[in-house]
Amino acid sequence: MAGITKDQLLELLNKDLALEYTAIVQYTQHQGVLKGAMYQNIQKELIIHAQEELQHATIIVAQIDYLGGVPTVDVPPAKISEDNVIMLQQDLAGENDAIARYIARIKQAEELNLYHLAHQLRNILVMEQEHAMDLEQALGR
Ligand SMILES: [Fe+2]
Ligand SMILES: [Fe+2]
């Protein structure tokens, strides 16, 4: 069975990186337009999420560069809404997508014996789970 190549992994990491940029933009916009006192706590959390997504992007840039790739500057479009609940659902969907992608990416990194990369991705995965939990709590799930 043919496994993943380093070039394929680099391409996937660049997609992850692009979506980290999108998350920064989306959280920054959403925290600014969330309305109402009930949403004050989650609004503060979204500001922290945006900053943590920048940390993730910075880590992935370093890893792509180390592996001989060129980090992307693509930013796929963010999702917006005028409705608080829809915004938080959009953010949660993004986190659940990130969790699934990073679980796959950790397996792929280990398949190529890139344990240092897998370790960094695990740290990111833990933070994405925390983000998802914050959003689920705010959505009353
Ligand atoms: Fe992230
Ligand atoms: Fe996140």
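Author: Donors are N, O and S atoms within 2.8 Å of the metal (3.2 Å for Na, K and Ca), and sites may look incomplete because water is not among the atoms. The model discussed here is predicted: local features need pLDDT of at least 70, side-chain atom pairs count only at pLDDT 80 or more, and totals for chains, interfaces and linings use all residues. Residues are numbered from 1 along each chain as its sequence is written, chains are lettered from A and ligands numbered from 1 in the order in which they are written, and side-chain values use heavy atoms, with hydrogens and water left out.

Reader: How many Å apart are the iron ion (ligand 2) and the iron ion (ligand 1)?

Author: An OE donor of Glu53 is listed for the iron ion (ligand 1), and one is listed for the iron ion (ligand 2) as well. Glutamate 53 thus bridges the two ions. Their separation is 3.8 Å.

Reader: Which residues are the protein donors of the iron ion (ligand 1)?

Author: The donors lie 2.0 to 2.4 Å from the ion, and their spacing along the chain is E-x32-E-x2-H-x71-E. The glutamates are represented by OE atoms and the histidine by ND1, with Glu20 contributing two entries. The residues are Glu20, Glu53, His56 and Glu128.

Reader: How many residues apart in sequence are the parts tied together by glutamate 20 and glutamate 53?

Author: Both residues serve the iron ion (ligand 1) as donors. Glutamate 20 belongs to helix α1 (residues 6-33) and glutamate 53 to helix α2 (residues 40-66), so the pair joins parts separated by 33 residues. Helices are DSSP runs (H or I, at least four residues), numbered from the N terminus.

Reader: Is glutamate 53 buried or exposed?

Author: Buried means under 20% relative accessible area, exposed over 50%, and partly exposed in between (1.4 Å probe, protein chains only). Glutamate 53 has 1% relative accessibility, and glutamate 20, at 3%, is also on the buried side. Glutamate 53 therefore counts as buried.

Reader: What spacing do the donor residues of the iron ion (ligand 2) have in sequence?

Author: The donors are Glu53, Glu95 (listed twice), Glu128 and His131, at 2.0 to 2.4 Å from the ion. Among them, glutamate 95 in helix α3 (residues 84-111) and glutamate 128 in helix α4 (residues 115-138) link distant parts of the chain, 33 residues apart. Glutamate 95 is buried at 3%, as is glutamate 128 at 1%. The spacing is E-x41-E-x32-E-x2-H.

Reader: Are α1 and α2 roughly antiparallel or roughly parallel to each other?

Author: Axes are lines fitted to C-alpha atoms, for helices over the stretch in contact (heavy atoms within 4.5 Å), and angles run from 0 to 180 degrees between N-to-C directions. Angles under 35 degrees count as roughly parallel, over 145 as roughly antiparallel, 65 to 115 as roughly perpendicular and the rest as oblique. The axes of α1 and α2 come within 8 Å and cross at roughly 160 degrees. The helices are therefore roughly antiparallel.

Reader: Within how many Å do the axes of α1 and α3 come?

Author: Two packed helices are described by the angle between their axes and the distance between the axes. Here Glu20 of α1 and Glu95 of α3 are among the residues that meet. The axes of α1 and α3 cross at roughly 160 degrees and come within 11 Å.

Reader: Is glutamine 129 buried, partly exposed or exposed?

Author: Glutamine 129 lies in helix α4. Its C-alpha is 21 Å from that of glutamate 110, which is 19 residues away in sequence. With a relative accessible area of 44%, glutamine 129 is partly exposed.

Key:
Helix = DSSP H or I, 4+ residues; strand = E, 2+ residues; numbered from the N terminus.
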